[in-house]
Structure formats: C-alpha cells, structure tokens
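Trainee: Could you take me through one part of this model up close? I'd like the surroundings of the ligand, and then anything odd in the backbone elsewhere.

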Amino acid sequence: MAEMMEAGIAMAPTRRLKTQKSTVAMRRQHAVCVRRACKRYGSAKNPNQILDGLNMTVPKGVIYGLLGASGCGKSTLLNCVVGRKRLDSGEIWVLGGRPGSRGSGVPGPRIGYMPQEIALYGEFSIRETMIYFGWVAGMTTAEAEARLDFFVNLLQLPTPSRAVKNLSGGQQRRVSLAAALVNSPELLILDEPTVGVDPLLRQAIWDHLVELTKGGQRTVIITTHYIDETKQAGMIALMRGGKFLAEESPDVLMQMYQADSLENVFLKLSLAQIQGKRRRSMYLKEAIGSEDPAGEGNQDNMSEVSGEFGDNVSIKSGRSEGQQSVAGPSDLPPDEEPPYACSDLLKVFVPHHMKALIWKNFLWMWRNVGVMLFIVGLPVVQILLFCAAIGRDPTDLHLAIVNHELNKWDDPCHFKTNCTIDMLSCRYLSKLRKWDVIEDAFPDEASAKHAVKKGDAWAVLSFPGNYSTSLYERFVQGKDADDSILDFSNVDIWMDSSDQQISQLLTRSLLLSFEEFVADLSRACDYPEQVAKLPVKFEEPVYGDQNPDFTNFAAPGVILTIIFFLSVALTSGSMLIERNEGMLERSLVSGITGSEILLSHVVTQFVVMLIQTIVVLFCAFITVVDVHGSLALVATLTVLTGMCGMTFGFVVSCSVDNERNATYMALGSFLPVVMLCGIVWPIEGMHKALQAVAVVLPLTHSTESMRAMMARGWGLGKSTVYIGFLSTLTWIAVFLTVSVLLLKFRKG
Ligand SMILES: Nc1ncnc2c1ncn2[C@@H]1O[C@H](COP(=O)(O)OP(=O)(O)OP(=O)(O)O)[C@@H](O)[C@H]1O
C-alpha cells in the first residue's frame, strides 16, 4: 500500500467489498456473462495469452463500454461473445444461453454485430445493403426501407443509391453501424463504431444508443479508443493484460480514484496493476477477507467480487449478481439444449435467410458482370483451343528422300499408273503425299542423315537403284526370292524418334501409304489385292473409328477438368471474397448458418455452371468431338462434375485463409488430378500403385464414364457409366460434409 502511495496513486476509498454468490441462474439473467475466460493465440511454445481468466458481467439495458489499449484483446473477447471464436477455457452466457447452443437464439437476430472491419459488399448500394440485412433479420423490404430512411437522417448517410465502395471510410463505417442496428436487436455489439466520425455525429450516435437502452430491453456493448466518450455508458470495463482492471460505472470510477477523467482512472489502474500484481493475495485479502475469491474448485457456485489489478473482482455499485437488471425477467432460453425433433431438420434452412443470401449472390454477379462474362467465356476459349490444338495429325513434316532409281538424284519423280514395273519408288511416294509430308531430295544417305541430325527432316527414306524390279520379284518369287532380292526390295528408313507422337504418326503414314500403293499396283496388274496386304484384317471397329484420334480420347477428361476446376476457382473465389471482407463472420453472427451459405452458393454457382456446361458441350460437339451416347446423360455428368468442383471449392475456401493459399491448394490438386485420372494417358498404363490411387480420385470414374458414353454410346445400364455417376455423387457428399464441418469447427 505504501508503495502505491509513493507512486502517487490515489487509492480507492477504503470500502469493504462483499462477495456475492454467482450461480448459473444468476449468470443467465445478464445480457452477457463471461467467467474465467482464457484465450491464447500462437503455439504452445510461444503462446500469446489474450484473455487470462477474465470475468465480465454486462447487465441488461445498459451501454457497456469496453476500453483498452490497441491489441489488448477487445475484439477477441467480443468474437468469443458472439460465438465466432472459442475460448480455450471459461464460460460465456449471452442473453441467457450459451452462444451456439440450440434454442439460445445466439448467434441470431437477437444480436446486432458491427465488426471492426467494414464487412459490407462494396458493389452494393446503401439501400441494397440495408435490405440484405433487413431480410436476414426477417424484416420485410418495406420495413427495411423505413429503417433506411431513419438512419439516413440519424447517421447522415449519403444518397442510398450510392455504392458502398464509393463511400469514404467514415461513411462506410456508418453504413456498417446502420446495418447492425437495422432490426433494433436485443444485444448490440459494436466494435469501434465511432472511428472516423466527427464529434457532432458521434454525439448523435451515442444519443441514439442511450435512447435504445432506455427501455431496459436493449443492451449495447461498445469498444472505442475515445475513452472519454464512454462517460455516457452505464458501465465501463478497463481491459489490460488479458483481464479487467475494473468494471464499473464511469462516475463511480472517477469518484473512487479521485480522477477528473476516465483516462486518468485508466492510468492509475494500469500503474496499480503493474505494481499490485506481486501483491494479489494481499490486496484481495484486504478487500474481501479471503485470499481466493473464486474458491478454486468451486466453479459453479463461486464467490466473485469485483475488482481490480487483474483479479477481476469488481466493486459493484450496489448491484448484485442476483439482482434483476432494469430489463426485468425475459424469456430465457431453456437450460439444456432441447432434444432434436424431426421439425428441426426443416429449420436447417430458414426461408428468409435463403432469400437474402441467394439475392445477394446474384446481385454480386450482376454487379461483376465483366467477371461473370470472363468466367463463362473462359471455358469456351479453353475448349475451342483444345479442339483446335490437340489431336490433329502433324502436317508439313519434312522427309529426306534418297532415290537411287532416278538417273539424277534431283530429277522429278515420274511414274506410270498402269501395270508397269518401273519407278515404283515414285509410285509409293505419291501415296505418301496425301499425309501432307514435304519431300526433300538428297544425293546420298550421309547427307540425308545429316539433315535429320540438324533437325531439318524427321526421317530418311532410301530406295535402292533396282527397287522396282526387286519388289516385283519379291512378290512373284515369294519363298524362292533370294537375299539380294529381299534386300533391294526394302525401303530403308532412319527416323528421328525423339518425338513419340510424330514418329508414331509418321510410321503409321508410311505403312498405310505402302499398303495403299501395293493395293493400287495389284489392281493395275490384275492381282488379288489381298495377296499384297498383311494377313491381318481390321474389321469395322465395335466402337470408335478405324483411325481413332487423340481428341476424342482426351475430350471427356478435358471437358470435365475444365468444368471442375473453373467451379473450384469460382466458388473458392467468391467464398473467400465474402470471408476476407468480413461478411461471412457478420452473416454467421446474424444467425445465418454455414449450411445456408453453402446452399445459397450451390444455387447461384449452379446456374453459372449450367451455362458453362451448355456452352462447353456445344463448342466441343460442333467442332471435333463425337458423341455416340445420350447427350442428356453426358450433360448431366458434366453438371455433376461441376458441382463436385464447387463443393471442392467450398473445402478449399473453408480450409485456407486467403486467395494465395487457395490458389496453391487448387493448383496443387490440379496437376495430380490431370495426371492420375486417366485424362492424358490411360490408367492401364500407370504404375500399379498409382492405379490404386487413381481409382479414388474424383475425376477418374467420371472420365471413364463420360468416355464410355461418348465413344461407345453406353447408357446408365453399364457399370462403367453408373459408377462414374455414383463416384461423382459420393465426392459431392464428401466435400460438402467436410466443408460444413470446417465451417462449423474451424473458428478462433
Ligand atoms: N487470429 C489471430 N491469430 C493470432 N493472433 C491474433 C489473432 N487475432 C488477434 N491476434 C492478436 O491478439 C491480440 C488482440 O487482438 P484484438 O484484435 O483482440 O485486439 P483489440 O483490443 O481489439 O485491438 P484494437 O483496439 O487495435 O482493435 C493482438 O496482439 C493480435 O495481434
């Protein structure tokens, strides 16, 4: 005590404090009651203790000013009160119930919450913002508009048709305040509502809050940096070091500490806290005659006195915990959470919440019509690029020809079309030309190979001098043909096989051209064509073309990948915008549930995805992609895959905090999906271990199913097809469940 006197701290008048019994029933009578709240951020090794056994009692019908230095934990405490962050330990009652418990009505329209950040949609006008929050609170449009007129006057808001993003910071805060006040809720929680507001308007806001609480039915908790404005509060709490230094009415505090301003009270209490921490027991003993007011181990029925210096006991100005507040008894929520009834299932989606959310989502799209056009146009560009760039045969491939049948190596290559056994090399080359190759003549093999080595040609074709006669003899003599005939009837080919696709296609062209050339010669010489052909006959394929192309192989996977990942990007993007602008927190506090937000996005994104699917399929089918099966089934699977991407987008946006991490997560999943789902290469060609992974990935079965429908014309009766549908539906359910759980449990 002497130390404090030396420090020049005016002590409170010696006032013996009385302990008060605090029971659950009493705590439920208050607007807000927090007991032994502990909350820390950071790791176990490096903890940042924000709330350290804090007690808070907000009686009904008062304005409660929460004061403290920047970063002391005011917003954290309020976030815990509204149920958006969880305490590490301790208890909270809000309006008689536990925030988040069924039947408590909290979060819900009983609470109006103005977070520290603006938390409004920049694209919306002031009017639309008020209508949105009015609808969320269950008001009609007319009621919301009437309130808007009132707040335009009270808060001197600009013309209601102005977009929020074009308002000044102070104007935006006032719109945010009006949004919190729109339905005159029972408990208003305002995080720094008067920042950037001129003194006159600040006074008007305080007058309105005083007016609101007059009836005793409404309570306001307000944080502010302007300490002296809280003189008008019925009660203030001074927060420091994770505790309240005091929780008292401003007049009593100034009187007790013989200070002329609350600023000075705060200063004195802070100094006393610094010095008094060492003497906690001593100080308390003097105050209440006991060293431990909380009575360790007697949690439910503990004694609390009010306080100072970190012990969180506060000198109640004649108000006891059990005493009814001005508001009188109100309908308290049930003690226990009521058991689940079937009708609760119907309450999962509240119609006026859904109306507000869906309207808001569509309005956001309308206001961002450029972005939406891009989102719909992008898949069109992608699919057209795919069709134009992938799967076509390469043309204008250079071949280095060494033809020893010619008199001079660069002579023109002429031949006759009848049964003349002369210049057959030229006759063969003429068939090759239909594959759009470019022939470059060379005098010898060495120079031709040099051209291939330089990258000027893809292959060397060398015809011996007696190629025509040797080839003829090979046919005629058959098994009697000698080695020289066999050797000289060969076309020698050296290829650049560094490019697998080009070398395979070139090989195919060389073989097919040869077959055609021999058939043509046989016809001219009245030989049966079959004799010259390989005794292997490829009949009309059961499914697909004689000459299958890569486009038709890749198209199903490409279409599904485009739709899937655009949905991921669109959904995670719009959810993160909502979250980062603080709207998600605000909506959740107003009673909207995570499931409702998800469903509203499902509805709006579904419309976008439907348009995307129609344009993608239309572009694919009018260009090169063939569909043999039911177009309706193909479209349905595409839409389902888009929904799967949408739900994965929910998971992404619920798991990460910002767009950058969302981009990493989406990109990180894109490549494995593209490589492992059989989109660019058949699963049968993968390593066995990877095949096991591939079958559980979201696009594997749907790609196979889509391919089976498009190339084979199969319907839902085939297992390959229906497994694709079932797998996609399962993934939708999994992603939805995960995102609902993340929304529910991933807070604070
Ligand atoms: N999600 C979080 N993770 C880690 N630390 C956090 C987180 N949120 C807040 N903090 C830290 O907790 C402390 C209290 O923050 P809080 O926002 O509650 O303070 P405040 O009193 O509201 O400050 P101000 O008056 O400046 O708004 C700060 O040091 C802040 O850096």
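**Backbone and ligand shell**

Mentor: Let's take the backbone first, starting with M423, which is partly exposed, having 19 other C-beta atoms within 10 Å. Keep in mind that this is a predicted model. M423 sits in the loop between β12 and α14 (424-432). What makes M423 worth a look is its phi near 50°, a positive value in a residue other than glycine. The count of 19 leaves M423 partly exposed because buried would take 20 or more.

Now go back along the chain to D396, another residue other than glycine with a positive phi, this one near 55°. D396 belongs to the loop between α13 (369-389) and β12 (397-403). D396 counts as exposed because it has 7 C-beta neighbours inside 10 Å, and 12 or fewer is enough for that label.

On to the ligand, then. Around the ligand you'll find Y41, N48, I50, G68, S70, G71, C72, G73, K74, S75, T76 and Q116. Two elements each give two or more residues to that shell: β3 (47-58) and α3 (74-81). The top contributor is α3, with three residues. Sorted by class, the shell comes out as eight polar, three nonpolar and one charged. When you scroll through the shell, remember that glycine is counted among the polar residues here, and that G68, G71 and G73 are among those surrounding the ligand.

Technical notes: Residues are numbered from 1 along each chain as its sequence is written. This is a predicted model: local features need pLDDT of at least 70, side-chain atom pairs count only at pLDDT 80 or more; totals for chains, interfaces and linings use all residues. A residue is near a molecule or strand if its C-beta atom, placed from the backbone, lies within 6 Å of it. Helices (H or I, at least four residues) and strands (E, at least two) are DSSP runs, numbered from the N terminus.
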